[in-house]
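Got the viewer open? Load the model and follow along, one selection at a time.

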Amino acid sequence: MVGRISILFFVVTLGLSGVRADERVLPLATLQKMGYRPFNSFPHYRGQRQVRSELPTGLKWPVQFVDAARNIAQNYVNFQQYGGGLPYYHKGCDLRSPPNSIVKAPVTGVLEGGYYSYTDNPDGSEIKHWIPWNGKTHSDPYFELAVVTPDGYRFEMHHVDSMNLPKETIQALNKGNVVVQEGTAIGTVIPWGRDYDHIHYNIFRQDGVIVNPEAYTVSPADHIAPKIQAVYGVRADGSVIEMTNGGTVGPLQQIIVATTETRDNSIYVQTPPYIGIQFQTREMFAWDFRKVLMGPDAKWPDIRQVFVARFKTPNGKVLTTSGQYGKGLFLMRLPVPAASGPFVIAVSDTAGNTTKFSGIFHRSQKEPVF
Ligand SMILES: [Zn+2]
């Protein structure tokens, strides 16, 4: 049994392409065979609770970054799609850190540990599956240490080396319900290879809503605004036009913005956490993920509404959204509000840098279109 599970872990970890996915997504039946159960079936699950408190700002990252070029490799909005699977949001920040370096508790709270995996939903949400700490460890990069604050925020550190835990961590996990102080060394970064050793760092609010770690943590310098590579307008008949900054456009159903975000000296690109369109007449629409991953209706933002996975530009080039390992391009979708006249599209990062693209929108076919 042990041998069979190890082989299964190896196969599902590397996948068919030979490239290990940042997070492990598997069919439910496979997870069940491996002994995983839905995370929210465990007594410690804290989802669906009321939000009673805000997180403080100025938190510290749980690891030391490699250097100025390699710090936050993927942000929490990042579009992920590995090996032809369903797209999903990255949910946390990939914090690049040297292999075997120390992972610290980012806050004071109850220490938890376990092996995790996910199943995916078409809307980009995921269901977490879990094997809680039982004193037995095996070599598997998909191991999590979490610190849960007294008011119910959950800080998750993924890819902690479960075969190399400090004895204090093992004792605390064996005992259960043990509070660790902020700054305590609780584990080490598992060697990942390919110059991508990292801790995947998630923060969940009391009600299960995903929080942007960068908004509450002292982040590496970012003075670089997101880039708008191109803006496309999609007409009601599905045809696509490339829009020009300052230009005038006719009736459009939606706008697709090809964009990337990066920070000072970073070798990685990621998804901007804010994109919006506003008319001079004040009508607007925005995906504003600067603090939490939530749509304008305060609901889960269906990933198919936020991103276009792939489309053909007017000159026949096929563009795809891909954010794996901090590389790629993001095609973000904006529905066009029922308005006309001058508009501004703004794309912003968590640090507040903004790039704008403006134009004039004619809703009526009769008005001149240039
Ligand atoms: Zn990650």
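The tour goes from the metal site to the nonpolar cores.

Keep in mind that this is a predicted model, where local features need pLDDT of at least 70, side-chain atom pairs count only at pLDDT 80 or more, and totals for chains, interfaces and linings use all residues. Residues are numbered from 1 along each chain as its sequence is written, and side-chain values use heavy atoms, with hydrogens and water left out.

**Stop 1: the zinc ion.** Select Asp-22, His-90, Asp-94 and His-200. Asp-22 (OD, listed twice), His-90 (NE2), Asp-94 (OD) and His-200 (ND1) coordinate the zinc ion at 1.9 to 2.6 Å. Donors here are N, O and S atoms within 2.8 Å of the metal (3.2 Å for Na, K and Ca); water is not among the atoms, so sites may look incomplete. Along the chain the donor spacing reads D-x67-H-x3-D-x105-H. His-90 sits in the loop between strand S4 (88–89) and strand S5 (93–96), while His-200 is 110 residues away in strand S13 (residues 198–204). Strands (E, at least two residues) and helices (H or I, at least four) are DSSP runs, numbered from the N terminus.

Are these two histidines buried or exposed? His-90 has 0% relative accessibility, so His-90 counts as buried, and His-200, also at 0%, is buried too. Buried means under 20% relative accessible area, exposed over 50%, partly exposed in between (1.4 Å probe, protein chains only).

**Stop 2: the largest nonpolar core.** Now pick Val-103, Val-147, Phe-155, Met-157, Val-160 and Ile-186, which touch the most other members of this 38-residue core. A nonpolar core is a set of buried Ala, Val, Leu, Ile, Met, Phe, Trp, Tyr and Cys residues joined through side-chain atoms within 4.5 Å.

**Stop 3: the second core.** Finish with Val-77, Phe-79, Phe-204 and Phe-289, among the 33 residues of a separate core.
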